[in-house]
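Please read these notes with the model open beside you, and turn to the relevant part of the chain as each point comes up. The points go from a single helix to the whole chain, and then to a few chosen residues.

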Amino acid sequence: MGDKATLFESGRFVQPAGTEPARDEMVDLGEAAEEEMRLALAAQSGDAEAASVLGAMLLRRGDLDGAEPHLRAATAAGDRAAANNLGVLLHQRGYPEEAAGWWRIAAVAGSAAAAHALGRHHRERGDEPAAEYWLRQSAEQGHVLGAYALADLLEHRGDVAAEHWMRAAAERGHREAAYRLARALDRTAGPGEETAGDNAVAEAEQWYRQAAARGHRRAALHLGAILERRGELKEAGRWYLTSAKDGEPRAACALGFLLRDAGDSESAAVWWLRAAQEGDGNAANALGALHAERGETQTAERWYRAALDAGDDNGAYNLGLLCAEQGRTAQAEQWYRRAAYAGHREAANALAILLLQGGDTTGAEPWFSKAAEAGSVDAAFNLGILYAGRGEEGAALRWYERAAAAGHAEAALQVGIARLRDGDEPEAERHLRCAAGGGSAEGAYRLAALLDARRPPEPAHELGETVQEKTECEEWYERAAAQGHRRAQVRVGMLAAARGDVVEAARWYRAAAEAGSRNGAFNLGLLLAREGSEPEAAVWWTRAADAGHGRAALRLALVYARRGELAEGQRWADRAVALGPPEVAERAGRLRDALREELSA
């Protein structure tokens, strides 16, 4: 008999999406009634194919009582589609064993849909060998659901053949298969050969696209994440929006972050609220942070607690941060502990810092260790500080190296300093470059000083000769100076003065002096004195001398001596003798003695 009436050939119990005609494709109800009447008359006259089609039509409509006699009649006449659909009907009535019997008859007759249904039946009862046999029969006939179910069974066993059948189902348009294939490829695109990883990600993207285009909301979420990592934010936002509108809270949360980064915090809050209300802890934390930034601490705390209730340990950590900012130390410690015990590494580091600030070094160390071992770069650096404070330089250096390897700029600085101390200039330079590149002003200054020490003395420039471009060490000095490093500012001023750029030199000397650099104040005074502004120079020398600069004190002694203010000159000469260095003390001593003789004459 024929196999034209194949109700649910693409689905076992649930009517496939799209089987109902679209609004603009509705058939004439009168024509449908006429067709049903025609089939009924044909079935009554013994036409098995008509009985099969009519039974399928009634089953689709939900008229089980009306469908059953027609399906039984067609099945008795040997129609395998009717046997499959009779199995569906009996399963819906709650007779799974009888349904399985009819599915077996249809499957043996070659129905791929019945083989799929029978395979699912056996798997639900724990008979995996029988399930695999029938699902394989279905899959090998090209049945998409059979291929997917077989892949699912094999994947559950860890069988590598699962990918073949998952791919087969995905290629035939099964959206869940496309999604799962993409997830598997995503997982394989981890550490390893870069090209292989890139290829896996590219193929995963292709399958995510296929599944997402068919309405798979999680596929749309992961596709958005891939595009976001690649910097294609506009398209990523479109897929996040699609997924979020379909009810995926993680997509709503991700969309919120995209909007926030684009400067639209109000729209971000709308999506975070939607996600948080669906139980997304990350979105609740984001809402908490948003309200905390606005100073709405009570609302922030409420959302952090909601995040914690959703199982997100960041909620406890953020509650700790909030309490710490408000000076509620005991409560901060409580929340940090809760998050730390749950394995939150940054909470463990924060707890250790809190304990250390309270003088509990013994209690802090194990939490630093736990956080560092869990991968907290800051905790590794803090352990280095802890050991260095005890004089355990070897242990400190090991933790500094660990933090530096993870990109911690200040840790790289400490390693660079240690290597300089050991005389290993190449390693010192490597670490200082990491520190400077990571934003450490001290790292930039020390790198510049290291490069500066290697420069050969520059010959004096002849008149009219072009001054060479800035060297690399000058560029690092300038980077450190721009970050407020006082010694770097003084050094940049000196280099500018050497080039004859008095304005630039004065600018950097003044910046350093106003930040408290006595060398900056002294050099600014020298520059002003050379420009004929000795009274203003004396102001800066006074500031430098008061901060302990011996040469500035000697300059002041000379200024007052020239003015005839011998007592004041003697006072500053005494100060210069006390401050040194030796050559300054010697000159200041001679000046002091001369002034004393003059005063006593």
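1. Contact here means that heavy atoms lie within 4.5 Å of each other. The model is a predicted one, and with this meaning of contact in hand we can ask what covers the buried residues of helix α30. The cover includes α28 (486–498), α29 (502–514), α31 (534–546) and α32 (550–563). The buried residues of α30 are Gly520, Ala521, Phe522, Asn523, Leu524, Gly525, Leu526, Leu527 and Leu528.

2. The length of α30 can be checked by simple reasoning: this helix has 13 residues (518–530), and at 1.5 Å a residue it should span 18 Å, which agrees with the 18 Å between its end C-alpha atoms. At the N-terminal end, Ser517 acts as a cap, with a side-chain oxygen 3.5 Å from the backbone nitrogen of Asn519. After α30 comes Gly532, which has a positive phi, near 90°.

3. Helix α6 (residues 112–124) can be treated in the same careful way, since its 13 residues should also span 18 Å at 1.5 Å a residue, and its end C-alpha atoms are indeed 18 Å apart. This helix is mostly covered, with 10 of its 13 residues buried; among them are Ala112, His116, Leu118, Gly119, His121 and His122. The cover over the buried residues of α6 includes α4 (80–93), α5 (96–108), α7 (128–140) and α8. Just after α6, Gly126 takes a positive phi of about 85°.

4. How many helices and strands does the protein chain have? The secondary structure comes to 34 helices and 0 strands. The radius of gyration of this chain is 40 Å, whereas the globule rule gives 25 Å for 601 residues, so the chain is more spread out than a compact globule. The box filled by the C-alpha atoms, taken along the principal axes, is roughly 150 × 60 × 45 Å.

5. Some totals for the protein chain help to complete that picture. Of its 601 residues, 45% are buried, and the accessible surface comes to about 30,300 Å², with 49% of it belonging to carbon and sulfur atoms. Among contacts with a separation of 6 or more, 45% are between residues 24 or more positions apart.

6. In soluble globular proteins, nonpolar side chains tend to be buried together. In this model, the largest nonpolar core has 62 residues, and those with the most contacts inside it are Tyr336, Trp367, Phe368, Leu383, Trp476 and Tyr477. A second, separate core has 56 residues, including Ala139, Ala212, Ala220 and Ala236. To look at one member of the largest core, take Tyr477, which, if residues up to four places away in sequence are not counted, touches Tyr445, Ala448, Ala449, Asp452, Ala488, Arg491, Val492 and Leu495.

7. Is Glu474, in terms of its relative accessibility, buried or exposed? Glu474 counts as buried because its relative accessibility is 8%, and buried means under 20%. This residue is in helix α27 (residues 472–482), and its side chain makes a polar contact of 2.8 Å with the side chain of Arg499. With residues up to four places away in sequence not counted, Glu474 touches Arg455, Leu495 and Arg499.

8. Leu150 is found in helix α8 (residues 144–157) and is buried, with a relative accessible area of 0%. Leaving aside neighbours within four places in sequence, Leu150 is in contact with Glu132, Leu135, Arg136, Ala139 and Trp165. Leu150 and Asn318 are 168 residues apart in sequence, and their C-alpha atoms are 46 Å apart in space.

9. Ala403, in helix α23 (residues 393–405), is likewise buried, with a relative accessible area of 0%. Ala403 touches Val377, Ala380, Phe381, His408 and Ala411, when residues up to four places away in sequence are not counted. The C-alpha atoms of Ala403 and Gln44 are separated by 84 Å, and these two residues are 359 residues apart along the chain.

10. A last place to inspect is the peptide bond that joins Gly580 and Pro581, which is cis, with omega about 5°. Pro581 is in the loop between α33 (566–579) and α34 (582–600).

Methods:
Residues are numbered from 1 along each chain as its sequence is written. This is a predicted model: local features need pLDDT of at least 70, side-chain atom pairs count only at pLDDT 80 or more; totals for chains, interfaces and linings use all residues. Side-chain values use heavy atoms; hydrogens and water are left out. Helices (H or I, at least four residues) and strands (E, at least two) are DSSP runs, numbered from the N terminus. The expected span of a helix is 1.5 Å times one less than its number of residues. Buried means under 20% relative accessible area, exposed over 50%, partly exposed in between (1.4 Å probe, protein chains only). A polar contact is a pair of N or O atoms within 3.5 Å; within protein, one must be able to donate a hydrogen and the other to accept it, and residues adjacent in sequence count only if both atoms are side-chain atoms. The radius of gyration is taken over C-alpha atoms; the globule rule is 2.2 Å times the number of residues to the power 0.38. Accessible areas come from the Shrake-Rupley method with a 1.4 Å probe; for residues, only the protein chains shown count as cover. A nonpolar core is a set of buried Ala, Val, Leu, Ile, Met, Phe, Trp, Tyr and Cys residues joined through side-chain atoms within 4.5 Å.
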